[in-house]
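I opened this entry to go through the structure step by step. I put down each thing I looked up and what came back.

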Amino acid sequence: MASEYYNPADLRKFGKITEWSEALGEKFFDYYGKVFEEGALSAREKSLIALAVAHVVKCPYCIDAYTKDGLERGITKEEMMEAVHAGAAIESGATLVHGVQMMNKYEKLSM
Amino acid sequence: MATKSLKAREKDLANTNRQLEILNGSLFESGELPFFRDKLTASGHEVLRPHSLEILQINVGYMCNQVCEHCHVDAGPDRKEIMTLETMEECLEVIRTTGAHTLDLTGGAPEMNPNFRWFVEQAAEAGIRDFIVRSNLTIIRANKKYHDLPDFFAKHGVHVVSSLPHYTRGKTDKQRGDGVFDKSIKALQELNKAGYGIPGSSLQLDLVYNPSGAFLPGNQEALERDFKKALKEDFGIEFNSLFTITNLPIARFLDYLIASENYEEYMTALVDAYNPAAVSNVMCTNTISVSWDGWLYDCDFNQMLGLKVNNSVQHIRDFQENLLKDREIVISQHCYGCTAGAGSSCQGVVT
Ligand code: SF4
Ligand code: SF4
């Protein structure tokens with residue numbers, strides 16, 4: 001039995017999800033592959049977006065995968081860290097903007 | 001960063017048998033990953049044989065002014081293996097008669113061989129179509145006596161191929177040592193000044209990119225685009241093509257993989273990226289590699305592993321193209337480095 005929830009070796013087995021639901025799995029991987037091709041955004045830009053999102057959704061597999069992907073693309077550590085900050089800023093902003101809701105409620109309930 | 005070769009540090013991995021033991025070791029023996037031979041068979045390639053000889057790659061010595069962390073030669077200032085004039089004469093005999101269209105001089109830093117210039121002058125007369133010298137760039141700035149190398153290369157129509165791991169200082173110096181980036185930039189500017197890499201010039205300047213770590217090279221075209229843009233904008237430098245080369249798990253790169261506990265993951269990545277389409281064009285199918293002491297190998301990597309050609313002809317003095325073309329190429333698990341992704345050779349991708 002694996003003794004941990006996240007095992008780095010499992011990333012390699014990602015493709016296996018298709019075995020239990022072929023149609024959906026294949027559709028997902030087709031879509032996934034298409035998304036990261038060169039397009040209006042470069043594959044390099046999309047790699048940095050993926051890295052930022054990987055941190056926001058806190059997926060250790062994606063963080064490993066897109067750190068490596070960035071290295072392969074010659075992306076620098078400064079660029080990677082800025083991307084992570086962009087993700088973190090949106091995430092903390094999203095929390096803080098709820099402060100307005102708190103303020104509204106506070107005002108409404110207060111005399 | 002180490003300042004001496006594995007050999008001078010008397011490290012375990014300076015021994016080629018030890019390297020081969022690791023490459024044949026438990027990861028493959030246990031069946032966790034397939035042996036290269038089995039992978040070949042499974043994809044319909046029984047044995048690996050050369051097509052035709054196109055490139056003669058001559059290693060004129062393992063001495064180098066640098067001690068790059070990833071070096072598959074284990075080169076360095078302390079290496080004493082240097083090609084003699086006598087072996088050079090034997091090579092010239094072959095260069096004058098071979099059907100190969102490309103001559104590729106490598107090292108170490110080939111320029112550190114005391115007879116390097118003489119050899120270039122002689123070889124340039126032999127009527128070879130493409131005459132490559134692999135120059136590490138910093139050598140040009142290392143000492144006054146090398147400052148005129150760009151003009152010397154230009155005079156003899158040499159095609160210069162130089163390594164630069166990245167277009168930023170940080171990444172370059174981490175792989176190749178402090179100060180390497182600034183010296184390389186200066187050397188590239190000098191080469192441009194001598195007419196190299198300039199649009200419309202016949203003087204060819206290509207760059208080689210190897211990853212600075214335990215990962216595979218990205219898309220060659222995309223990296224070339226990024227290198228061209230950054231080098232032009234930041235330093236006004238131009239060059240012709242960028243070749244991406246995968247680091248093969250031998251010598252200092254193997255030492256690094258093991259020390260950083262990346263060996264298993266790296267080998268797995270290479271095996272996962274196995275591309276049957278790359279097999280037909282791996283470097284050994286059109287190249288013969290000659291060592292500083294005249295022995296023949298299927299490639300520079302096999303040379304560093306001490307795996308001589310499997311043929312009745314094994315030395316440059318006995319060179320016979322028709323006999324060599326029937327040989328079976330000697331393989332081991334390091335070959336996965338040549339077949340990963342778009343494939344890898346001294347001329348970049350092979351697919
Ligand atoms: S990689 Fe090239 S420049 Fe670096 S030590 Fe090896 S031979 Fe010298
Ligand atoms: S390492 Fe040498 S022998 Fe093996 S595939 Fe590459 S070029 Fe051929």
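**Backbone, salt bridges, patch, interface**

I began in chain B, where B:Leu137 sits in the loop that runs between strand S3 (130-135) and helix H6 (138-142). The model is predicted, so I kept to local features with pLDDT of at least 70. I looked up the backbone angle of B:Leu137. Its phi is positive, about 75°, although the residue is not a glycine.

I stayed with the backbone and asked which peptide bond of B:Gly107 is cis. It is the one that leads from B:Gly107 to B:Gly108, with omega near 25°. I then placed B:Gly108 in its surroundings. It belongs to the loop between strand S2 (102-106) and helix H5 (116-124) of chain B.

Next I turned to salt bridges. Over all chains, the rule counts 26 of them. I picked out A:Arg44 and A:Glu79, whose closest N and O atoms are 3.1 Å apart. Why did I note this pair? A:Arg44 is in helix H3 (residues 43-56) of chain A and A:Glu79 is in helix H5 (residues 77-109) of chain A, so the salt bridge ties together parts that lie 35 residues apart in sequence.

I then checked the surface of chain A for nonpolar patches. One covers about 600 Å². I listed its members as A:Leu11, A:Phe14, A:Ile17, A:Phe28, A:Tyr31, A:Tyr32 and A:Val35. Which helix gives the most to the patch? Helix H2 (residues 22-35) of chain A does, with four residues. I looked up A:Tyr32 by itself and found it in helix H2 of chain A.

Last, I went to the interface of chain A and chain B. How many residues does each chain bring to the contact? Chain A brings 10 residues and chain B brings 18 residues. The buried area is about 1000 Å², and carbon and sulfur atoms give 49% of it.

I searched this interface for charged pairs. The rule finds three salt bridges across it. One of the pairs I looked up is B:Arg225 with A:Glu38, at 3.8 Å from N to O. I also looked for polar contacts between the two chains and found six residue pairs, both residues at pLDDT 80 or more. On the chain A side, helix H4 (residues 60-72) gives the most, with three residues. I sorted that side by class: six residues are charged, two are polar and two are nonpolar.

Key: Residues are numbered from 1 along each chain as its sequence is written. Chains are lettered from A and ligands numbered from 1 in the order in which they are written. This is a predicted model: local features need pLDDT of at least 70, side-chain atom pairs count only at pLDDT 80 or more; totals for chains, interfaces and linings use all residues. Side-chain values use heavy atoms; hydrogens and water are left out. Contact means heavy atoms within 4.5 Å. Buried area is the accessible area (1.4 Å probe) that two parts lose on being put together, summed over both. A salt bridge is a side-chain nitrogen of Lys or Arg within 4 Å of a carboxyl oxygen of Asp or Glu. A polar contact is a pair of N or O atoms within 3.5 Å; within protein, one must be able to donate a hydrogen and the other to accept it, and residues adjacent in sequence count only if both atoms are side-chain atoms. Helices (H or I, at least four residues) and strands (E, at least two) are DSSP runs, numbered from the N terminus. Ala, Val, Leu, Ile, Met, Phe, Trp, Tyr, Cys and Pro count as nonpolar, Asp, Glu, Lys and Arg as charged, and the others, Gly among them, as polar. Patches are made of residues with over 30% relative accessible area and no salt bridge: like charges are joined within 9 Å, nonpolar side chains (Val, Leu, Ile, Met, Phe, Trp, Tyr) within 5 Å. Accessible areas come from the Shrake-Rupley method with a 1.4 Å probe; for residues, only the protein chains shown count as cover.
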